[in-house]
Amino acid sequence: MSSSSAPRSFSPSTADAPSLAPLTFQDRIGVPLHATRHSSRVLSQSTRIHILNDKLTDDQARQLGHLVVHLGGQLTSTPSAANIIITALTAPKRIAKHIHPDDAASKFLVSPQWLHHVQRTGLLVDPDEYAVTRRSGTKRALDDHQTESAQHSKRPRLDSDTLLDGHNATDTPSGPSQADSERPFPWQNTKFACKRPSPLKCINQALVDELEVIHAERRLTGDSYSEMAYMRALSAIKAYPRSLANAPSQADKIKGVGKKVALLVHQFFTEGRIVEAKIIRRDPAIATIKSFTELYGIGPVGAREAYNEGCRSFADVLGKGRSLATALSVSESLRILPDLRRPIPRHECESITEMIMTMLDAILPGCVHTICGGYRRGKAQSYDLDIVVGHPRASRAVLHSLFDKMKRQGLVSHVVSISTPQDDEATDVHVDVAHLVVVPPNSGGLHRRVDLVFAPETVYGAAVLGYTGSIVFERDIRVWCRSRGYKFSFTGVTRLADNVVVDTPTEESVFELFGLPFMPPRWRNCDA
DNA sequence: CGGCAATAAC
DNA sequence: CGTAT
DNA sequence: GCCG
């Protein structure tokens, strides 16, 4: 594709719609620089729509274009930049002339009626309902009234009886969630993820997985506050202990779930999927951008830029030679990526830790340690290893001694980053961190990401808590903490009144200080 | 309508 | 600033 | 996008 970077526009050729502003095309991925304020947009930026002019008059095409923009969607100048293509054509051969063969499979090809239906209902209608090339059923494209009424009248709703109390969870079917009896305390309707137990897999996990698709798309497109809203909403649903299948309208009573997500929840349980997630799942642009973020040091912005500059493969990204400010070059990152994609089973987390702790013991005996991260939350496998070590005060630069020893033994293949040694006697507490790539012996030469954290025992509890996650749990414990007059980080807890660091030798001491019931690590799985 | 975690490295 | 934890 |  020709890299049309800046938004382009043209003025209407025929002057019979004078009130309309010129149409604006946007072929790039990502939220517009000046996000147009739609109070409640029907189409999000995940719908990038191209209108085939063929068989439409200029005027019709322009009207449709304005409708797309009016509904909050993005208009593209080429078919390949879109994920939805509107056309009045019906003959496959004629359509094929406009669509690159590579694109044909992934694009939704819809009739203009789709857009009108979207406008009429104010909902993102499944584009497959208006597919111009037949899928399983050929009759859909014409009878939009029928599909509409069918969707709205079907399915009984039996959600009036059940209430949001969470105590008498009598109806716990054979769900895949972990033993509910282990739940440390009952669910409560709170906006703080750190106050509600969240299992590894919840009873509404299929819904959570669907919302996660939208969340990931918001992250990749840079819609950051929408991203956060989805993250928190799915987190809230994840903690909800009862099935929403027969009571989808209960969803908007859960704190963190608002009008929009409640609508999606309803759609999921009445129609079996969320349309927006379906569109995103089929969007190759999103998949490509996501794959770029697998490279260390390339996040949503870098991945998006690469994509918008025409990159479609790792080789393309490598060709760009963007190694911006990362210890791991793109080529190195690419080289070890196959290894880093391999999950680390729990027993290997343990054996690597044992090896490292044995080495440490020869340097400074008597340190305590905890394997944190997903491992501690009970995940069967992880993609990195977080080891938090607690050492007696007065021991300085322990991490660096250990690090040297590991290097000498050839265990360290890459130093992603390591905190600068605190040479002088800094009076305040210092937590040392090393982000390494390690090649453990006896594991087939696989590269493994290992994070080492060295904390004085006075803040060991905060460090362990800070490295156990999950992300939403961490964020909310900080929010809660501030509301109680403290500031929390993995380096310790500070009382805001006098800026004094409070002793937090154990996790329990942190929870107690904050007036929070202790949350067992296995119940901190607040993320999808 | 303001706010949305905190921190370190690059 | 963007990325990572 | 949601909460207070």
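A phosphate oxygen of DNA strand D sits 2.3 Å from a side-chain N or O atom of lysine 260 in this predicted model. A polar contact here is a pair of N or O atoms within 3.5 Å. Backbone atoms take part as well. A polar backbone atom of glycine 256 is 2.8 Å from a phosphate oxygen of the strand. For a backbone N or O atom of valine 261, the distance to a phosphate oxygen is 2.9 Å.

In total, 13 residues surround DNA strand D, each with a heavy atom within 4 Å of it. Tyr225 and Ala229 are among the closest. Of the strand D atoms within 4 Å of the protein, 70% belong to sugar or phosphate, and the rest to bases. The surface near the strand has six nonpolar, three polar and four charged residues. In this classification Asp, Glu, Lys and Arg are charged, while Gly counts as polar. Helix 7 (224–239) and helix 8 (259–271) each supply at least two residues of that surface. Helix 7 gives the most, with four. Helices are DSSP runs (H or I, at least four residues), and strands are E runs of at least two.

A separate element is an open sheet. Its five strands run in the order 8-10-13-12-11, with mixed pairing. Pairing requires at least two DSSP bridges between two strands. Strand 8 (368–371) and strand 11 (412–418) are the edges, each pairing on one side only. Strands 11 and 12 (432–438) pair antiparallel over five bridges. Valine 412 has valine 438 of strand 12 as its bridge partner.

Residues are numbered from 1 along each chain as its sequence is written, and chains are lettered from A, ligands numbered from 1, in the order written. Local features need pLDDT of at least 70, side-chain atom pairs count only at pLDDT 80 or more, and totals for chains, interfaces and linings use all residues, while side-chain values use heavy atoms, with hydrogens and water left out.

Note on methods:
Polar contact = N/O pair within 3.5 Å; in protein donor to acceptor, adjacent residues only side chain to side chain.
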